[in-house]
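Subject: Model handover

Hello,

Here is the model for your set-up work. Please load it first, then read the notes below.

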Amino acid sequence: PLEINATDSATDDDRSRNLQDLDRAALSRPLDETQQSWLLGPGEQKKKKKYVDLGCIIVSRKIFVWTVGTLLVSALLTGLITLIVKTVPRHHHRHSPPDNYTLALHKALMFFNAQRSGKLPKHNNVSWRGNSGLQDGKSDPSVLMKDLVGGYYDAGDAIKFNFPASFSMTMLSWSVIEYSAKYEAAGELNHVKEIIKWGTDYLLKTFNNTADTIDRIAAQVGIGDTSGGSSAPNDHYCWMRPEDIDYPRPVYECHSCSDLAAEMAAALASASIVFKDNKAYSQKLVHGARTLFKFARDQRGRYSAGGSDPALFYNSSSYWDEFVWGGAWLYYATGNSSYLQLATHPKLAKHAGAFWGGPDYGVLSWDNKLAGAQVLLSRLRLFLSPGYPYEEILSTFHNQTSIIMCSFLPVFTSFNRTKGGLIQLNHGRPQPLQYVVNAAFLAALYSDYLDAADTPGWYCGPNFYSTDVLREFAKTQIDYILGKNPRKMSYVVGFGNHYPKHVHHRGASIPKNKIKYNCKGGWKWRDTSKPNPNTLVGAMVAGPDKHDGFRDVRTNYNYTEPTLAGNAGLVAALVALSGDKATGIDKNTIFSA
């Protein structure tokens with residue numbers, strides 16, 4: 001009855017008449033109560049039934065009040081519950097605090113920032129360091145490579161040794177290739193890549209990296225020989241901040257240095273995989289690695305032969321292990337099977353000592369990379385299994401890797417342990433920790449390899465051991481270094497409350513106070529019993545003796561000196577143990593070439 005049917009063409013008068021007709025038609029029928037309420041005033045209604053007019057619908061006031069009330073109470077309850085949920089601490093969904101390994105990893109990487117030579121980047125974050133070694137290469141007229149600015153100082157001195165520095169970069173690159181997700185989770189992936197690039201940029205300067213054939217490498221900058229009572233200023237005789245050095249820094253060139261060239265090739269090849277997304281830089285690294293490896297193979301000889309300065313500090317025992325190691329890395333970086341043929345050549349393996357034991361068998365260090373190469377090539381067999389003609393030697397390497405892992409376990413007596421539980425991989429000689437961290441890395445990594453290959457463990461003779469046993473070995477050793485030892489001493493500076501305060505390190509022991517101390521002027525800072533004015537955050541010192549004893553004395557470098565190679569192994573072991581075990585290794589990136 002309320003519809004208005006009027007055509008568009010109707011005039012206003014027509015519409016008006018139609019409406020009046022409709023009104024009369026409507027009123028000619030009895031009205032219901034609702035309709036009456038529209039027409040009658042409040043006083044005229046017989047019964048007062050309360051309604052609420054919402055425009056489009058009419059509802060009973062009672063229903064309206066109940067509905068609005070229910071909605072308000074619901075909203076209030078929802079708000080209250082949300083508030084409680086937001087304010088009460090949630091234990092299940094919040095990220096657990098970082099574990100000790102992650103916390104130590106942040107610090108261990110900072111050591112590399114403190115060791116940088118050259119013009120420092122703005123974000124170096126070590127307040128007491130500045131630009132140094134800006135004349136390196138230029139000050140020695142006899143050398144071909146004039147720009148040797150950059151790189152890393154080796155330890156507590158200001159010498160740049162390519163041999164251990166290259167090994168350090170290889171170890172860091174290996175850890176990034178396997179555990180980039182863990183570095184990412186710790187927020188350190190970009191940092192560690194910067195550290196590697198600082199090292200590889202320098203290594204590229206130490207030979208003619210654009211050539212296909214070379215005849216020399218600048219192997220070392222600075223000298224440390226103080227034998228024979230010489231008082232000529234050099235990097236070991238003087239105790240100065242690197243920023244203040246004013247004495248000449250000779251460059252040591254080598255012309256037959258297979259061990260050094262093959263190790264540098266390994267460093268550049270492994271880094272090329274880390275930087276594979278930066279095509280131009282990655283190819284530059286690969287080209288340099290190929291050139292170096294060719295030089296290593298063509299001009300045979302040890303870089304530290306004949307009583308040279310490197311022989312006093314980083315004497316290489318042989319170059320055969322570097323041939324296997326460098327060949328394996330070049331195969332991964334290039335996919336060229338000629339490198340794999342070389343790395344798996346039985347004669348090469350024999351010369352490298354793969355088929356005989358010896359007291360140091362299975363110990364990975366800056367000098368001997370055989371154990372690392374065997375693990376690296378076992379990886380190839382586990383995940384790619386290239387078959388004939390490589391299978392025989394790869395299965396030998398795989399078996400030997402199993403034996404090495406057995407030798408790390410307390411059940412076997414290949415290596416003694418201190419009463420506090422530290423494995424004596426260097427048989428009680430000083431500076432043990434650099435070998436321990438490398439072993440911890442290999443053990444954690446190999447256990448992750450087995451997990452990724454869905455293999456629950458491995459055999460030592462007739463006995464089967466689970467991969468957890470290997471991980472546990474790695475953890476107990478790193479825990480010892482971080483403070484779980486009889487002295488309750490953390491051997492990583494800045495980690496925990498009790499750590500060495502008299503680190504053997506020139507830059508850390510001399511205050512940055514605008515006073516320039518000359519060669520001998522700094523001796524008072526070397527000899528003082530006061531703690532270092534600057535904290536060398538993340539430095540892993542040389543370590544305790546075979547009785548778990550430790551002397552926090554600056555002049556005793558066998559206890560208190562840190563090194564690049566030691567910290568590289570520490571970083572690798574820490575990242576392998578950090579975060580969630582389920583993250584595991586990156587199975588495929590290493591095979592991308």
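Helices (H or I, at least four residues) and strands (E, at least two) are DSSP runs, numbered from the N terminus. This is a predicted model: local features need pLDDT of at least 70, side-chain atom pairs count only at pLDDT 80 or more, and totals for chains, interfaces and linings use all residues. Residues are numbered from 1 along each chain as its sequence is written, and side-chain values use heavy atoms, with hydrogens and water left out.

**Loops around helices 12 to 15**

Asp 360 lies in the loop between helix 12 (346-351) and helix 13. Its relative accessible area is 38%, so Asp 360 is partly exposed. The cut-offs: buried means under 20% relative accessible area, exposed over 50%, and partly exposed in between (1.4 Å probe, protein chains only). Asp 360 sits 8.6 Å from His 427, C-alpha to C-alpha, with their positions 67 residues apart in sequence.

His 427 belongs to the loop between helix 14 and helix 15 (433-452). His 427 is not a glycine, yet its phi is positive, about 55 degrees. Its relative accessibility is 35%, so His 427 counts as partly exposed. As background, most residues other than glycine have a negative phi, and most peptide bonds are trans.

Phe 415 is in the loop between helix 14 and helix 15. At 5% relative accessibility, Phe 415 counts as buried. Phe 415 and Leu 425 are 10 residues apart in sequence, and their C-alpha atoms are 6.1 Å apart.

Now the loop between helix 13 (370-383) and helix 14 (391-407). Pro 389 is found there. A cis peptide bond links Tyr 388 to Pro 389, with omega about 0 degrees. Ser 385 has its place in the loop between helix 13 and helix 14. Ser 385 is a non-glycine with a positive phi of about 45 degrees. Its relative accessible area of 45% makes Ser 385 partly exposed.

**Helix 5**

Helix 5 covers residues 162-186, 25 residues in total. Its end C-alpha atoms are only 29 Å apart, where a straight helix would reach 36 Å at 1.5 Å a residue. That expected span is 1.5 Å times one less than the number of residues. Where does helix 5 bend by about 90 degrees? The bend is at Tyr 179. A bend at a residue is the angle between axes fitted to the seven residues ending there and the seven starting there. Helix 5 is mostly covered, with 21 of its 25 residues buried. Gly 187 follows helix 5 and has a positive phi, near 75 degrees.

**Strands**

Two strands pair if DSSP finds at least two bridges between them. One open sheet has 3 strands in the order 3-4-5, paired antiparallel. Strand 3 (160-161) and strand 5 (251-254) are its edges, each pairing on one side only. Strand 3 runs antiparallel to strand 4 (residues 217-221), and 2 bridges join them. Phe 161 has Gln 220 in strand 4 as its bridge partner.

Strand 6 (residues 457-460) and strand 7 (residues 463-466) also run antiparallel, joined by 4 bridges. Tyr 459 stands opposite Phe 464 in strand 7. The hairpin of strand 6 and strand 7 has 2 residues between the strands, and Gly 461 takes a positive phi near 65 degrees there.

**Cavities**

On a 1 Å grid over the protein atoms alone, a cavity is a set of points where a 1.4 Å probe fits but cannot get out; lining residues have an atom within 4 Å of a point. Grid points are joined across faces, edges and corners, and a volume is the space filled by probe spheres set on the points. The structure holds 2 cavities of 30 Å³ or more. The largest cavity has a volume of about 80 Å³. It is lined by 13 residues, and the closest to its centre are Tyr 153, Asp 157, Pro 242, His 505 and Gly 507.

**UniProt annotations**

UniProt positions follow the numbering used here, feature names are shortened, and annotations may be inferred rather than shown by experiment. The unreviewed UniProt entry puts "active site" at His 504, Asp 552 and Glu 561. They span 58 residues in sequence, yet no two of their C-alpha atoms are more than 10.2 Å apart, so they gather at one spot. Asp 552 is in the loop between helix 18 (523-527) and helix 19 (557-560). With a relative accessible area of 23%, Asp 552 is partly exposed.

The unreviewed UniProt entry also places "transmembrane region" at residues 63-85. That stretch is 100% helix and 0% strand in the model, with end C-alpha atoms 33 Å apart.

Best wishes

Key:
1 Å grid on protein atoms, 1.4 Å probe; cavity = no way out; pocket = protein on both sides within 12 Å on 5 of 7 lines; lining within 4 Å.
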